[in-house]
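Here is a short structural report. It covers the fold, the sheet, one strand residue and two loop residues.

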Amino acid sequence: MEDPPDLSGLSVAEDFPLDRILAVLSDPLAVYTVSALSVDERVPLTDLADLVTGWVYADASQAAGPADRDRIRLLLYHVYLPKLDALDIVEFDAEAQTVVLREQSADFETILEWAQGLDAT
């Protein structure tokens, strides 16, 4: 397992809830979700679900099917995107079913790079 990043110099401001961000990004599905998005590029939920499903099943012994994609789309809609939206990491429009990555600090990028490395190990 990769060592955690040096968090001693990271922001501890109220608008950067480090413990909550680390808790969310400890889940690979959340990391895949954030990694699939770009700042100022609104993505339909169905497209995001397709991409995340592909990453989740990339190393699986069998290909993902429609039921797998639907399961991940529902998890994104009901669990992951609301959590990421509450932390101001993404802007999730549940009615339009679109999502966009918000501009993030260098501190967040450091944590995201560490979290991306967790799945690679």
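The report below starts with the whole chain and then turns to single residues.

**Overall make-up**

The model is predicted. The protein has five helices and three strands. Read from the N terminus, its elements follow the order α-α-β-α-α-β-β-α. The chain counts 121 residues, and 36% of them are buried. About 7000 Å² of the protein is exposed, with 50% of that supplied by carbon and sulfur atoms. Contacts in the protein often span the sequence: of those between residues at least 6 apart, 61% join residues at least 24 apart.

**The sheet**

How are the three strands ordered in the sheet? The order is β1-β3-β2, the sheet is open, and the pairing is antiparallel. The edge strands are β1, residues 43-44, and β2, residues 90-93. Each of these edge strands pairs on one side only. In general, strands of a sheet pair through backbone hydrogen bonds, either parallel or antiparallel. Strand β3 covers residues 98-101, and four bridges join β2 to β3. One pair of bridge partners is F92 and V99, the latter in β3.

**T98, a residue of β3**

T98 belongs to strand β3. Is T98 buried or exposed? T98 counts as buried because its relative accessibility is 14%, and the cut-off for buried is under 20%. Leaving aside neighbours within four places in sequence, T98 contacts R42, V43, P44 and L45, and also E91, F92 and D93. V43 and P44 are the residues of β1, while E91, F92 and D93 fall within the 90-93 range of β2. T98 and P44 lie 54 residues apart along the chain, yet their C-alpha atoms are separated by 4.4 Å. The side chain of T98 also makes a polar contact of 3.2 Å with the side chain of R42.

**Two loop residues with positive phi**

Most residues other than glycine have a negative phi. D40 has a positive phi, near 65°, and is not a glycine. D88 is likewise not a glycine, and its phi is positive at about 60°. D40 sits in the loop between α2, residues 28-35, and β1. D88 sits in the loop between α4, residues 66-86, and β2. The table sets out their accessibility.

| Residue | Relative accessible area | Class |
|---|---|---|
| D40 | D40: 70% | D40: exposed |
| D88 | D88: 46% | D88: partly exposed |

Why does D40 count as exposed? D40 is exposed because its relative accessible area is 70%, and exposed means over 50%. D88, at 46%, is partly exposed.

Technical notes:
Residues numbered from 1 in each chain as written. Predicted model: local features only at pLDDT ≥ 70, side-chain atom pairs only at ≥ 80, totals over all residues. Heavy atoms only, no water. Pairing = 2+ DSSP bridges. Helix = DSSP H or I, 4+ residues; strand = E, 2+ residues; numbered from the N terminus. Buried < 20%, exposed > 50% of the residue type's maximum accessible area, 1.4 Å probe, protein only. Contact = heavy atoms within 4.5 Å. Areas by Shrake-Rupley, 256 points an atom, 1.4 Å probe, with all protein chains shown as cover. Polar contact = N/O pair within 3.5 Å; in protein donor to acceptor, adjacent residues only side chain to side chain.
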